[in-house]
There are 4 protein chains.
Amino acid sequence: MTEITFLDNVTVELVDAMGGDLSVARAAQVSLRGQNDPDPEKITGLINYLMREKHGSPFEHNAFTFYAKVPIFVVREWQRHRIGWSYNEMSGRYTKLSAEFYVPKADRPLVNVGTSAKPEFSAGSSVQVAETQERLERSYSDAWFEYEALLGQGIANEVARSVLPVGIYTQMYVTANARSIMAFLSLRTKDERATHYSRPQHEIELAARKIEEIFAEKFPITYKAYNENGRVSP
Amino acid sequence: MTEITFLDNVTVELVDAMGGDLSVARAAQVSLRGQNDPDPEKITGLINYLMREKHGSPFEHNAFTFYAKVPIFVVREWQRHRIGWSYNEMSGRYTKLSAEFYVPKADRPLVNVGTSAKPEFSAGSSVQVAETQERLERSYSDAWFEYEALLGQGIANEVARSVLPVGIYTQMYVTANARSIMAFLSLRTKDERATHYSRPQHEIELAARKIEEIFAEKFPITYKAYNENGRVSP
Amino acid sequence: MTEITFLDNVTVELVDAMGGDLSVARAAQVSLRGQNDPDPEKITGLINYLMREKHGSPFEHNAFTFYAKVPIFVVREWQRHRIGWSYNEMSGRYTKLSAEFYVPKADRPLVNVGTSAKPEFSAGSSVQVAETQERLERSYSDAWFEYEALLGQGIANEVARSVLPVGIYTQMYVTANARSIMAFLSLRTKDERATHYSRPQHEIELAARKIEEIFAEKFPITYKAYNENGRVSP
Amino acid sequence: MTEITFLDNVTVELVDAMGGDLSVARAAQVSLRGQNDPDPEKITGLINYLMREKHGSPFEHNAFTFYAKVPIFVVREWQRHRIGWSYNEMSGRYTKLSAEFYVPKADRPLVNVGTSAKPEFSAGSSVQVAETQERLERSYSDAWFEYEALLGQGIANEVARSVLPVGIYTQMYVTANARSIMAFLSLRTKDERATHYSRPQHEIELAARKIEEIFAEKFPITYKAYNENGRVSP
């Protein structure tokens, strides 16, 4: 039987990127002056104006490709973002998946002390933490055992995978632009600079924060304007 | 412990619909004559022409809303269709899921006798069928037991669900138009009238065939033209 | 020569519609309780919650088809809305266009007293109004004369139309859903209930206000929540 | 009065680009083997397979930004492409447009000898050519004169532009990916390697051929597979 790995984090790596704050300014400026480079001193002001007045299209002339390794329950939320997002994910039909499963760290809040509609989380007791980790690991291991047993009987990947839990890791290539990334961050991070309320699940926020870091580095002026304008996509 | 149900099929029901072949013809005809009703005798010819020459937009002025109950591994493939598709799916964060799991019928081909890249399926032996059903049911039941145990310890839905397998049923509302439905059928059915090759998984084809039936009834002329033009979305 | 008509307004008529506030609530509720009808007394609260927390997808399970007759410069702005919008427009290649042109009413503000980037309009003097109307009518008439002359020489529609001004009317079928309509209204109306600033051109706002009226009638609860939450699409 | 320029061609220049055939292969391969580079000898076979079986998503992890200068009647057709296309166009509201107008070359076929629905073009006589050029130039000049006269009276850009013809040039930034470019080429070029019939207007085909050249250079293997598989987007 394959050795099983338990992981407590997500992976997001930048594969390729195009564009930056200058590309935003250039695209915005074609409105006014055709194909001339914007005055460098005016880029910040221009981007702030675009963000504030919700001119979103100049933020689309760029691209990021990421490689991500996340549990299936995270990728399911992620792929609900349709506009300006492209995905290619590891197939459970064409290949045998990897024996890697998500088990939260001890400091991941485990208990919902709010309601279903308005969840508020608090850390579990040490007993709850231990029991959660133990039950997840056991359940994942049992499912993996059945998966391999079915494959061993000649059953097709696509049938055998039915037993695999949504806590198993999957891998994907993802491509998005600055506008779609800002829309994603708006919903998948909880941040005091935001003017709206969002309730991202902890694990997709882990992925979103990694994307945010890369985005902030590539588009520093846009990122600042995004934060200063309520973290809402223009 | 909740009683567990094993199901071997998918549910797709029509909730609401707008438009039909006439709406296709009307939209196409605004090109030529503005807001006049098309000659009824010419609708078939017009729709055939649109399909053949890949004028896709007239097939978008309509809508279907479906309620679907399918396993998670089916909904994962379904939601990869981004353009012209809207989804709202039962949340494993806000609610406890239902104890309903997918176990294939005896006649569902179980064994891949092709390659990974080009799977070809054949029925399994009676032993393989029995073992598959038994292993799936046992694995599902074990996972459900751990899920309820975690919830019983006060662990949040969104954490406990990590153990649930992709064979569990989920529910969703789905809205699409005739054009996006034809694109979906092109990839999610295998059909000898098609000019291209597709390899849909059996279970999403079950859902696609239910959609196809509803679509054929609401858009009989469009559906006929679709089949006669190689089952490719215009 | 064809008689020329000068119009000072736009036409937007509802052709077909599907769904309403109940469809929003139902789609939202599948998250929690599967396929059960929502409690009628709770629909308003539920829709407010969706709007406030930016859960946009439940507003997509519906559709409106409109017939619109507007000048080309309006349709050019309109068709920049890509997501959740479908268009079929009268073709200047396949048909001869109609001799209908837009001339603003006397009360349409004509003079920009702001800057290019932040236009603020004031009414023109009576001389400016008269001169504008006269110049537009003469210029339109001259262009139409050349258009017909070219067609009369056997020149193809698609070449002859090059001389037609963007003030000529065109016709189209348009389909959108409540979410895409709210995004359109956010940018194409200027409204004191909005929390952001928008600068729609007067003529597309004429069209947007007609859409808004139809939308408000079909989705009264959603429309109220939209206004109370800053007229931003969720 | 501003000097008027008559042009007989379109401009499409590459501003920025990301990705190539390798990015297609990598994205496809994550399905099978996670984040490993594909075997260079197998890239061609893999891309052919993707094209043939209509796996479109691997062709989305890349981007092209173009600067285009084309007449308004071309940009109107271009912007009908909604999916995977981003646009920022010169604004006739915020700026005064440039006095550049499209007049076809002598060898542009001018006469439709087919029907409206199935246009077939032939070259015009030398008289037709001369008359077309003369009428276009006169009509454009008259329209420009009225435009400047209105601006000179203090009338706002957005009102004065109503008289400008669709033959005037506009400028834009455009961003798209390989998949959306192939869909564009399918409809906007007429090519004997295509398995379907398309009827692009001559002037948008001029732009499409410039895009095709850039695309072919950046994605040579994909481009070859596209041609060999009927010039249909996967």
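Two residues count as being in contact if their C-beta atoms, placed from the backbone, lie within 7 Å. Keep that cut-off handy for the exercises below, and remember that this is a predicted model.

**Exercise 1. Chains A and C**

Work out how chain A sits against chain C, and why the copies can be said to meet through the same surface.

Solution.
- Start with the contacts: seven residues of chain A touch seven residues of chain C. On the chain A side, that gives three nonpolar, two polar and two charged residues.
- Next, the superposition. Chain A goes onto chain C by a rotation of 180° with 0.0 Å of shift along the axis, and the RMSD is 0.0 Å. That is what a two-fold axis does.
- Where does the axis pass? Of the residues of chain A, A:Ile83 comes closest to it, with its C-alpha at 3.9 Å.
- Now compare the two sides. Of the interface residues of chain A, 86% are also interface residues in chain C, so the copies meet through the same surface.

**Exercise 2. Chains D and C**

Do the same job for chain D against chain C, and find which element gives the largest share of the chain D side.

Solution.
- Count first: 44 residues of chain D are in contact with 44 residues of chain C.
- Then list the elements of chain D that supply two or more residues to this side: H3, strand E6 (111-112), helix H4 (126-152) and helix H5 (157-160). The largest share is that of H4(D), with 11 residues.
- Sort the chain D side by class and you get 21 nonpolar, 13 polar and 10 charged residues.
- For the symmetry, a turn of 180° and a shift of 0.0 Å along the axis lay chain D on chain C with an RMSD of 0.0 Å. D:Pro165 is the residue of chain D that comes closest to this rotation axis, at 1.9 Å for its C-alpha.
- Finally, 100% of the interface residues of chain D are interface residues in chain C too, so here as well the copies meet through the same surface.

**Exercise 3. Helix H7 of chain D**

Check the length of helix H7 (residues 202-218) of chain D against what its residue count predicts, then say which of its residues are buried and what covers them.

Solution.
- H7(D) has 17 residues, and at 1.5 Å a residue they should span 24 Å. The end C-alpha atoms lie 25 Å apart, which agrees.
- The buried residues are D:Glu203, D:Ile204, D:Glu205, D:Ala207, D:Ala208, D:Ile211, D:Glu212 and D:Phe215.
- For reading that list, it helps that an α-helix has 3.6 residues a turn, so residues three or four places apart point the same way.
- The cover over the buried residues of H7(D) includes strands E2 (11-18) and E3 (63-71), along with helices H3 (72-78), H6 (178-188) and H8 (220-228), of chain D.

**Exercise 4. A sheet, strand by strand**

Lay out the four-stranded sheet of chain A and pick its edge strands.

Solution.
- Set the scene: chain A has eight helices and eight strands, and 48% of its 234 residues count as buried.
- The sheet is open, runs in the order E2-E3-E8-E4 and pairs antiparallel.
- Its edges are strand E2 (11-18) and strand E4 (85-89) of chain A, since each pairs on one side only.
- Ignoring direction, neighbouring strands of this sheet are turned by 20° against each other on average.
- Zoom in on one pair: seven bridges join E2(A) to the antiparallel strand E3 (residues 63-71) of chain A. There, A:Glu13 stands opposite A:Tyr67 in E3(A).
- Now hop to chain D, where five bridges link E4(D) to strand E8 (residues 169-176), running antiparallel. D:Trp85 has D:Ala176 in E8(D) as its bridge partner. Four of the five residues of strand E4 (residues 85-89) of chain D are buried.

**Exercise 5. One loop residue**

Is B:Asn9 buried, partly exposed or exposed?

Solution.
- Locate B:Asn9: the loop between strand E1 (5-7) and strand E2 (11-18) of chain B.
- Count neighbours: B:Asn9 has 13 C-beta neighbours inside 10 Å, so B:Asn9 counts as partly exposed.
- As a distance check, B:Asn9 and B:Met90 are 81 residues apart along the chain, and their C-alpha atoms are separated by 18 Å.

Notes. Residues are numbered from 1 along each chain as its sequence is written. Chains are lettered from A and ligands numbered from 1 in the order in which they are written. This is a predicted model: local features need pLDDT of at least 70, side-chain atom pairs count only at pLDDT 80 or more; totals for chains, interfaces and linings use all residues. The expected span of a helix is 1.5 Å times one less than its number of residues. A residue is buried if 20 or more other C-beta atoms lie within 10 Å of its own, exposed if 12 or fewer, and partly exposed in between; C-beta atoms are placed from the backbone. Ala, Val, Leu, Ile, Met, Phe, Trp, Tyr, Cys and Pro count as nonpolar, Asp, Glu, Lys and Arg as charged, and the others, Gly among them, as polar. Copies are superposed by least squares on the C-alpha atoms of residues with pLDDT of at least 70 in both. Two strands pair if DSSP finds at least two bridges between them. Axes are lines fitted to C-alpha atoms, for helices over the stretch in contact, and angles run from 0 to 180 degrees between N-to-C directions.
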